[in-house]
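Visitor: I am new to this structure and would be grateful for a close look at a single part of it. Could the part be a helix, described together with its surroundings?

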Amino acid sequence: MGSLLAIWQHPDDLYPLVKLKLAARNAEKQIPSEPHWGFCYSMLHKVSRSFALVIQQLDTDLRDAICIFYLVLRALDTVEDDTSIATKVKVPILMSFHRHIYDRDWHFSCGTKDYKVLMDEFHHLSTAFLELGSSYQEAIEDITMRMGAGMAKFICKEVETIDDYNEYCHYVAGLVGLGLSKLFHASGKEDLASAALSNSMGLFLQKTNIIRDYLEDINEIPKSRMFWPRQIWNKYVDKLEDLKYEDDSVKAVQCLNDMVTNALSHAEDCLKYMSALRDPAIFRFCAIPQIMAIGTLALCYNNIQVFRGVVKMRRGLTAKVIDRTKAMPDVYGAFYDFSRMLKFKIDDNDPNARKTKDNLEVILKICRDSGTINERKSYVIQNKPQYNTATFVIFFIIIAILVSYLSATRATTV
């Protein structure tokens, strides 16, 4: 019923949602028949539906390379994230992971659910990796080696300073940006982007995830995962876990806003990176996650719910981003609108209000200077929905279909 209520409140979400659903089903039908490639693409759909959907529009060789790159790094991340693995076991695996991707016999049981299957059936991933072109293999091996070493370093080291925070995010996400730039270049479709801009693409996404996932990470069993830098949170509380307690709500929100302000500093580089892309499919592949990130930051800013539950963009808005992101003007428009949304939420009494406004003004100026802002209709900031007879008819048809489906489901389970 939550989805129906969301559609009722945002009726123009319906068409993009239907398109997204059909596109997802079509992508699932395109899973290769070869066992190893079938496993890889099936696993991709299970661990990240949105990524699996966006990747489908890429040309086959680049699509295969990015699919394997993504899964290799998710496997590496599964080892890092499993807090039940002893450090003396985990560190050597992280350090040597780049060699295991060449070994069809290697596997390591860890993680849960789909990630455990990925690790147990790692030979499928190795087999597919070995069928990639040598330039793709070299890029994937290099990034995996550097990321594994960086992860191992932070197993034994806490994120104390902002420099530590940037270094950690570089290892786990900035290197992804560098790796993707190498794969784009190896495909012959793009020039090799600068390391600094590639790094910022990863940091912007990673810092958004770290902010959004505070509660999940702090409640991790058997051991909390702490990625917020002490240099920031220690200005507000004595212990990072204090942020989730109601008594510290005011300080928690101020700390959150400080974290969001830090993440916004990477947006300028991201816009520069995307504006230089030539291939339409690669552009969409890069742009959609970045828009999702700025949208998530706008929702998280000044929002105590980050410390109470899950804060994320509604499915209908996500569907609109995927449907309507086709060229750089669409990116400028979305960044402009989400930045305005965030700006409206700033409390002048917040300790970082001035810095937040300055960071946002950099983004807003770039978008205004593009000359495209006034040439489109915003789907982010909207007036109240207008209903007509057709809207009511469609809404009740959806309810009827849902009721019929539920009735049929109950009948088959009796």
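Guide: The account that follows begins with the whole protein, turns to helix α8 and its surroundings, and then visits some other places for context.

The model is a predicted one. The protein has 414 residues, of which 50% count as buried. Its secondary structure comprises 20 helices and 0 strands. If one takes the contacts between residues at least 6 apart in sequence, 73% of them join residues at least 24 apart.

Helix α8 spans residues 122-129 and is mostly covered, with 7 of its 8 residues buried. Those buried residues are Phe 122, His 124, Leu 125, Ser 126, Thr 127, Ala 128 and Phe 129. Several helices provide the surroundings: the buried residues of α8 pack against α3, α5 (60-81), α6 (87-100), α7 (113-120) and α9 (134-155). Three of these partners, α3, α6 and α7, can be examined through individual residues.

Helix α3 covers residues 35-47 and includes His 45; Trp 37 also lies in α3. Trp 37 has a relative accessibility of 7% and therefore counts as buried, since the cut-off for burial is under 20%. Setting aside residues up to four places away in sequence, Trp 37 touches Pro 32, Asp 64, Ile 68, Ala 128, Glu 131 and Leu 132. Among these, Ala 128 is one of the buried residues of α8. Another residue of that helix, Phe 129, is 92 residues from Trp 37 along the chain, and the C-alpha atoms of the two are separated by 9.6 Å. His 45, for its part, has a relative accessibility of 9% and so counts as buried. With residues up to four places away in sequence left out, His 45 touches Ala 27, Glu 28, Ile 31, Ala 52 and Gln 56.

Helix α6 is represented here by Ile 93. Its relative accessibility is 10%, so Ile 93 counts as buried. Apart from neighbours within four places in sequence, Ile 93 is in contact with Val 79, His 100, Trp 106 and Phe 108. Ile 93 and Ala 152 are 59 residues apart along the chain, while their C-alpha atoms are separated by 8.9 Å.

Helix α7 contains Lys 113. At 74% relative accessibility, Lys 113 counts as exposed because the cut-off for that class is over 50%. The backbone of Lys 113 has a positive phi of about 50°, although this residue is not a glycine. A positive phi of about 60° also occurs at Asn 302, again not a glycine. Asn 302 is found in the loop between α16 (280-300) and α17 (315-324), and with 31% relative accessibility it counts as partly exposed.

The view may now widen to the nonpolar interior. The largest nonpolar core has 129 residues, and those that touch the most other members are Ile 66, Leu 71, Phe 97, Trp 228, Met 274, Phe 285 and Phe 335. Phe 285 touches Phe 51, Val 54, Ile 55, Gln 57, Leu 58, Ile 66, Leu 180 and Phe 184, not counting residues up to four places away in sequence. Aromatic rings also connect Phe 285 to other residues, as ring pairs link Phe 51, Tyr 70, Phe 184 and Phe 285 into a cluster. The count of aromatic pairs is 15.

A final stop is the packing of two other helices. Two packed helices are described by the angle between their axes and the distance between the axes. For helix α15 (residues 267-275) and helix α19 (residues 353-369), the axes come within 9 Å and cross at roughly 25°. Angles under 35 degrees count as roughly parallel, and α15 and α19 are therefore roughly parallel to each other. Ala 267, Glu 268 and Leu 271 of α15 make this contact with Val 362, Ile 363 and Ile 366 of α19. By class, the contact has 5 nonpolar, no polar and 1 charged residues.

Helix α15 also contains Ser 275, which is partly exposed with a relative accessible area of 42%. Beyond its neighbours within four places in sequence, Ser 275 is in contact with Met 328 and Tyr 332. The C-alpha atoms of Ser 275 and Val 331 are separated by 9.2 Å, and the two residues are 56 residues apart along the chain.

How values were computed
Residues numbered from 1 in each chain as written. Predicted model: local features only at pLDDT ≥ 70, side-chain atom pairs only at ≥ 80, totals over all residues. Heavy atoms only, no water. Axes fitted to C-alpha atoms, helices over the stretch in contact; angles between N-to-C directions. Helix = DSSP H or I, 4+ residues; strand = E, 2+ residues; numbered from the N terminus. Parallel < 35°, antiparallel > 145°, perpendicular 65-115°, else oblique. Contact = heavy atoms within 4.5 Å. Nonpolar A, V, L, I, M, F, W, Y, C, P; charged D, E, K, R; others polar. Phe/Tyr/Trp six-rings, centres within 6.5 Å; stacked < 30°, edge-to-face > 60°. Buried < 20%, exposed > 50% of the residue type's maximum accessible area, 1.4 Å probe, protein only. Core = buried A, V, L, I, M, F, W, Y, C linked by side-chain atoms within 4.5 Å.
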